[in-house]
Amino acid sequence: MGKTPAQRAAKHGDKAQLPAGTQVPANPTTQRTPQQAKTNANLVVIAAAATALFMFWYYHLLVLNQMTQLSGGLAMPDSLIGGYSMEYLATLRSALDADALGQLSYVHKTAGTLFPLIFGFAWLLIIGLNTRRRSLRWVLWAAPILFVIADLWENVVIDGVLGSAELASGDAALASFLTVARWVLLGLSLVASVVAVFSSRTARPPELVAEDKD
């Protein structure tokens, strides 16, 4: 004969009142509301985006700009948004000595690697958290993913072109193409994040939009 709820409570305590299969949280005070979870996610996004912007400034506007002091005023290939010719690379090669080439290679392996990885991570978060449609999310993710690939590949190609014994036209053209591609993809990534945020705002229920306006 089954025991009554009062008998089960007297024997097992409060756990006896819970339905079968229900587990008591180890620490109920750690439960977060959806709003708290969203706030925490937004803080992570803000921190990642701020770090990416700082790395952009440090890499492009500070370090690469300082490298011109070692090349007689010639800009590093990474900074040339419109690309460059084989003749420009040949001139740059003659202006950079072995120590300068080693320093540029070191920059590519440190700040030149950290920036695209941090930027890609931050923009994937921004797009992922603001885009509900899976198909649209993957379309928007394509830009930052391709940017990371193009940027890292560009670093390797530029180091190879400047450090090779002989400058090949094919390698020079590839380096220029990757430089233009990375800048285009960087711009498309920024546009993709704007589209993601805008689509998130327009897809919200009317009552939530009204609450934001109050």
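This is a short talk on the helices, buried faces and aromatic pairs of the structure above.

Keep in mind throughout that this is a predicted model. I will start with the whole chain and then go to single helices.

The protein has eight helices and zero strands. Read from the N terminus, then, the order of elements is α-α-α-α-α-α-α-α. There are 214 residues in the protein, and buried ones make up 33% of them. The accessible surface is about 13,100 Å², and carbon and sulfur atoms own 64% of that. On contacts: taking those with a separation of 6 or more, 74% are between residues 24 or more positions apart.

Now to helix H3, residues 86-95. Its buried residues are Leu-89, Leu-92 and Arg-93. Looking down the axis of H3, these buried residues fall within an arc of 105 degrees, so they line one face of the helix. Glu-87 and Ser-94 are exposed on the other side of H3.

Next is helix H4, which covers residues 98-109. H4 has 12 residues, and the distance from its first C-alpha to its last is 17 Å, close to the 16 Å expected at 1.5 Å a residue. At the start of H4 there is a polar contact to look at: a side-chain oxygen of Asp-97 comes within 3.3 Å of the backbone nitrogen of Asp-99.

Which residues of H4 are buried? They are Ala-100, Leu-104, Ser-105, Val-107 and His-108. Down the axis of H4, the buried residues sit within an arc of 155 degrees, so here too they line one face of the helix. Ala-98, Asp-99, Tyr-106 and Lys-109 are exposed, on the face of H4 turned away from the buried side.

Let me stay with Tyr-106 for a moment. Tyr-106 counts as exposed because its relative accessible area is 56%, and the cut-off for exposed is over 50%. Its C-alpha atom is separated by 9.7 Å from that of Asp-159, and the two residues are 53 residues apart along the chain.

On to helix H5, residues 111-130. The 20 residues of H5 should span 28 Å at 1.5 Å a residue, and the end C-alpha atoms are 28 Å apart, which agrees. The buried residues of H5 are Ala-111, Gly-112, Phe-115, Pro-116, Phe-119, Gly-120, Ala-122, Trp-123, Ile-126 and Ile-127.

Three of those names matter for the next topic, aromatic pairs. The structure holds nine of these pairs. One of them is formed by Phe-115 and Phe-119, and this pair is tilted, with 5.9 Å centre to centre and 40 degrees between the planes. Phe-115 and Phe-119 are four residues apart in H5, about one turn of the helix. Why do both count as buried? Buried means under 20% relative accessible area; Phe-115 is at 1% and Phe-119 is at 4%.

Phe-119 also pairs with Trp-123. Their ring centres are 4.3 Å apart and their planes are at 20 degrees, so this pair is stacked. The spacing in sequence is again four residues within H5, about one turn of the helix. Trp-123 has a relative accessibility of 5% and therefore counts as buried.

How does the set extend beyond these three residues? Phe-56, Phe-115, Phe-119, Trp-123, Phe-147 and Trp-183 form one aromatic cluster.

The last stop is Val-157, in helix H6, residues 134-163. Is Val-157 buried or exposed? Its relative accessibility is 11%, so Val-157 counts as buried. Leaving out residues up to four places away in sequence, Val-157 touches Asp-171, Leu-174, Ala-175 and Leu-178. Taking Leu-174 from that list, its C-alpha atom is separated by 7.6 Å from that of Val-157, and the two are 17 residues apart along the chain.

To recap: the predicted model has eight helices and zero strands. In H3 the buried residues line one face, and in H4 they do as well. H5 carries the tilted pair of Phe-115 and Phe-119, along with the stacked pair of Phe-119 and Trp-123. That is the end of the talk.

Methods:
Residues numbered from 1 in each chain as written. Predicted model: local features only at pLDDT ≥ 70, side-chain atom pairs only at ≥ 80, totals over all residues. Heavy atoms only, no water. Helix = DSSP H or I, 4+ residues; strand = E, 2+ residues; numbered from the N terminus. Expected span 1.5 Å × (residues − 1). Buried < 20%, exposed > 50% of the residue type's maximum accessible area, 1.4 Å probe, protein only. Arc of directions from axis to C-beta. Polar contact = N/O pair within 3.5 Å; in protein donor to acceptor, adjacent residues only side chain to side chain. Contact = heavy atoms within 4.5 Å. Areas by Shrake-Rupley, 256 points an atom, 1.4 Å probe, with all protein chains shown as cover. Phe/Tyr/Trp six-rings, centres within 6.5 Å; stacked < 30°, edge-to-face > 60°.
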